[in-house]
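Student: I am new to this structure and would like to understand the words used for it. Could we go through them together?

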Amino acid sequence: MKITSICASLLLTGLMSVQALAAAPEPSQDALAQAVKSDFRQAKNSLRDEYRHPQDTLNFFGINSSQTVIELWPGAGWYAEILGPYLAKDGHYVAANFETEPSQDTQGNRYRAKNGKKFAAWLAQHSDVLGAASTVTLDPPAKLTLGADKSADLVLTFRNLHNWAMQDQLAGIFDAAFRVLKDGGVFGVVEHRAKPGMDPDSGYMVPEQVIALATKAGFVLAASSEVNANPKDSKDYSRGVWTLPPVLALGQQDRDKYLAIGESDRMTLKFIKKSS
């Protein structure tokens, strides 16, 4: 009886150990959780996590800390505050930044140059946290090279597609992402989701059109996620998607109404570059 009890105890302990190992998060996932919760992030950015779900979104795209990851037009660096530290030790974060020295003086170019310089300065200021993080200039249609062909594991874009679509530049962006990705690499897209027939000028994009463009570039849609969906978003606002937070383009007009809706309804798409 004693031998039977001991064997049963050992078997139970073994099963518990296996279960514990199975339940334990991958080291890369644990590091991602730490990056999301890090005090390095600005508090105002962390407050947006309830709408943007960064950990679940990045896990959906299959990120790991040893990858080379290119983020297209990081803007003020909302995702860069997570991606940079997460990739600093074993991976490489590359920001496809705005053109900082535009050849033409336009309002749009001035805006992008100002923010591009600000982002580059932020990278330099925090090199102790961001490691070898670097930039490449993305300025369609003139500059559409994101790096050496087949050099990146993951290309990400967050709420940017409409900007390029409004300038008829989206096909070039998809082609650039395809070229820089390794075979099997992932192109991860988060974008404001339109109703059928809506125009990109609204800030929203029709999912079928996005998928068609990606397919034409050579990608295969591997999966879609509703992690960033928002059924409260009616998408019929006078100032387009910018009516909603965080922009709140109407100022104090119906502010509480739009805050209650929250940020936009978003598609989250994972495309794969199949082996050639």
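Tutor: Gladly! This is a predicted model, and a search of the whole structure finds 12 salt bridges.

Student: Why is the pair of arginine 48 and glutamate 263 called a salt bridge?

Tutor: A salt bridge needs a side-chain nitrogen of Lys or Arg within 4 Å of a carboxyl oxygen of Asp or Glu. For arginine 48 and glutamate 263 the N to O distance is 2.2 Å, so the pair meets the rule.

Student: What makes this pair a tie between separate parts?

Tutor: Arginine 48 sits in the loop between helix H3 (43-46) and helix H4 (49-52), and glutamate 263 in the loop between helix H12 (255-261) and strand S7 (266-273). These parts are 215 residues apart in sequence, so the pair ties them together.

Student: Are arginine 48 and glutamate 263 buried or exposed?

Tutor: Buried means under 20% relative accessible area. Arginine 48 has 18%, so it is buried. Glutamate 263 has 1%, so it counts as buried too.

Student: Which residues are joined into one network by salt bridges that share partners?

Tutor: That network is made of Arg48, Arg52, Glu263 and Arg266.

Student: How do you know that aspartate 153 and lysine 182 form a salt bridge?

Tutor: Their closest N and O atoms are 3.1 Å apart, and the limit is 4 Å, so the pair qualifies. Aspartate 153 belongs to strand S4 (residues 152-158) and lysine 182 to strand S5 (residues 181-192), 29 residues apart.

Student: Why is lysine 182 called partly exposed?

Tutor: Partly exposed covers the range between under 20% and over 50%. Lysine 182 has 33% relative accessibility, so it counts as partly exposed.

Student: What does aspartate 265 pair with in a salt bridge?

Tutor: Its partner is arginine 193, with the closest N and O atoms 2.9 Å apart. Aspartate 265 is in the loop between H12 and S7, while arginine 193 is in the loop between S5 and helix H11 (207-217), 72 residues away. With relative accessible areas of 7% for aspartate 265 and 15% for arginine 193, both fall under 20% and so are buried.

Student: What makes the link between aspartate 265 and lysine 235 a polar contact?

Tutor: A polar contact has N or O atoms within 3.5 Å. The side chains of aspartate 265 and lysine 235 are joined at 2.7 Å, so the distance fits the rule. A polar atom of the aspartate 265 side chain also lies 2.9 Å from the backbone nitrogen of asparagine 230.

Student: Let us turn to empty space. How many cavities of 30 Å³ or more are there?

Tutor: There is 1 cavity by this rule. The largest cavity has a volume of about 40 Å³, and its lining includes Tyr51, Phe158 and Arg266. Divided by class, the lining has 4 nonpolar, 1 polar and 3 charged residues.

Student: Why is a space called a pocket and not a cavity?

Tutor: A cavity is a place where the probe fits but cannot get out, whereas a pocket is open, so the two get separate names. The largest pocket has a volume of about 1,700 Å³ and is lined by 50 residues. H7 gives the largest share of that lining, 7 residues.

Student: Which element gives the most to the lining of the second largest pocket?

Tutor: H2 does, with 3 residues. The second largest pocket holds about 160 Å³ of space, and Pro85 and Tyr86 are among the residues that line it.

Definitions and conventions
Residues numbered from 1 in each chain as written. Predicted model: local features only at pLDDT ≥ 70, side-chain atom pairs only at ≥ 80, totals over all residues. Heavy atoms only, no water. 1 Å grid on protein atoms, 1.4 Å probe; cavity = no way out; pocket = protein on both sides within 12 Å on 5 of 7 lines; lining within 4 Å. Points joined across faces, edges and corners; volume = space filled by probe spheres on them. Nonpolar A, V, L, I, M, F, W, Y, C, P; charged D, E, K, R; others polar. Helix = DSSP H or I, 4+ residues; strand = E, 2+ residues; numbered from the N terminus. Buried < 20%, exposed > 50% of the residue type's maximum accessible area, 1.4 Å probe, protein only. Polar contact = N/O pair within 3.5 Å; in protein donor to acceptor, adjacent residues only side chain to side chain.
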